[in-house]
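User: Hi! I'm new to reading protein models. Could you walk me through this one?

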Amino acid sequence: MRVVALGVGAIVLILAIAAVFLFRTLPDANAFNARVEQLFVENDALTGASEIKLLEILAQSGTAFSDTLTSYRVVIFVLMLFATALLVAALVFLVVIIAQNRRMEAIERQGIRVSSLIIRRDARTVSLNDMEFNLTEAALETLAVLAEARMDEDLLTGAELEAVISGRDASDCEEAAGATRIKRLRDSLGNQMMAELLVKTVARRGYMLAIDKAVIRME
């Protein structure tokens, strides 16, 4: 929070300084009118109708210039406010994203903490801590095979997983078939982050349940 406060303060300060500098360097809104007035004062001899008409046009032009410059000042002020709001919002979002990434990294390092995993084949349900999931028969079978492998401290490749479930030899099974079963299991669990951490993919080795084997129970 301190970083956010310092960042917001710095943004506001920088834009405030820029705004003050910008407004101070803008010409005076009445500069044109002052010059026209000076023409009237210094040229008393301009009494002809055409000359007076010219001076009136100049005066009207000065008024229009003054109004235009005033509107420009308002537009610049509004744009500065928008710029401040956008920069502050961007800073806050950046800090939030960084915090979320750090949180996710911490969770990934620690893994998901499971105190109880109960697989009930007859009811086709899985109890994970205090949460209960209704799974399809295929997803339940995939989880059961992974649980048995975890109790034996084994990793299963996609082909081996498919072989255990289908009853065929692993050499006759495709890696993609097992990967598809893993994906469907994760989809059935619903919470993507939890599913990714529970059913862990070990690069170039296979799949495993990232939990203590002592908490697994099959019914």
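**Chatting through the model**

Analyst: Happy to! Let's begin with one pair of strands: β1 (residues 117–120) and β6 run parallel and are joined by three bridges. Helices (H or I, at least four residues) and strands (E, at least two) are DSSP runs numbered from the N terminus, and two strands pair if DSSP finds at least two bridges between them.

User: Which residue of β6 is the bridge partner of I119?

Analyst: That partner is M218.

User: Before we go on, what kind of model is this?

Analyst: This is a predicted model, where local features need pLDDT of at least 70, side-chain atom pairs count only at pLDDT 80 or more, and totals for chains, interfaces and linings use all residues. Residues are numbered from 1 along each chain as its sequence is written, and side-chain values use heavy atoms, with hydrogens and water left out.

User: What is the mean pLDDT of the protein?

Analyst: The mean is 77, and 70% of the residues reach 70 or more. pLDDT is the predictor's confidence in each residue, from 0 to 100. Among the elements, helix α5 (residues 158–166) has the highest mean, 89, and helix α2 (residues 31–42) the lowest, 66.

User: Back to the strands. What is their order in the open sheet?

Analyst: The four strands come in the order β3-β2-β1-β6, with mixed pairing. At the edges are β3 (131–134) and β6 (216–218), each pairing on one side only.

User: Which helix packs on the sheet?

Analyst: Helix α4 (residues 137–151) does, touching β1, β2 (125–128) and β6, and its direction makes about 125° with that of β6. Axes here are lines fitted to C-alpha atoms, for helices over the stretch in contact, and angles run from 0 to 180 degrees between N-to-C directions.

User: T125 is in β2. Is T125 buried or exposed?

Analyst: T125 counts as buried, because its relative accessibility is 6%. Buried means under 20% relative accessible area, exposed over 50%, and partly exposed in between (1.4 Å probe, protein chains only). Leaving aside neighbours within four places in sequence, T125 is in contact (heavy atoms within 4.5 Å) with residues including I118, F133 and L140.

User: Now charges. How many salt bridges are there?

Analyst: The count comes to seven, where a salt bridge is a side-chain nitrogen of Lys or Arg within 4 Å of a carboxyl oxygen of Asp or Glu. One of them joins E148 and R121, at 3.4 Å from N to O. E148 lies in helix α4 and R121 in the loop between β1 and β2, so this pair ties together parts that are 27 residues apart in sequence. R121 and E148 are also linked with E141 in a network of salt bridges.

User: What about E153 and K213?

Analyst: Their side chains meet in a salt bridge too, at 3.0 Å from N to O. E153 is in the loop between α4 and α5 and K213 in the loop between β5 and β6, so the parts they tie together are 60 residues apart in sequence.

User: And R150, which has no salt bridge: how far away is the nearest side chain of opposite charge?

Analyst: That side chain is E153, 4.9 Å away, and R150 is buried. Lys and Arg count as positive and Asp and Glu as negative, while His and the chain ends are not counted. R150 lies in helix α4, and its contacts beyond four places in sequence include M208, D212 and K213.
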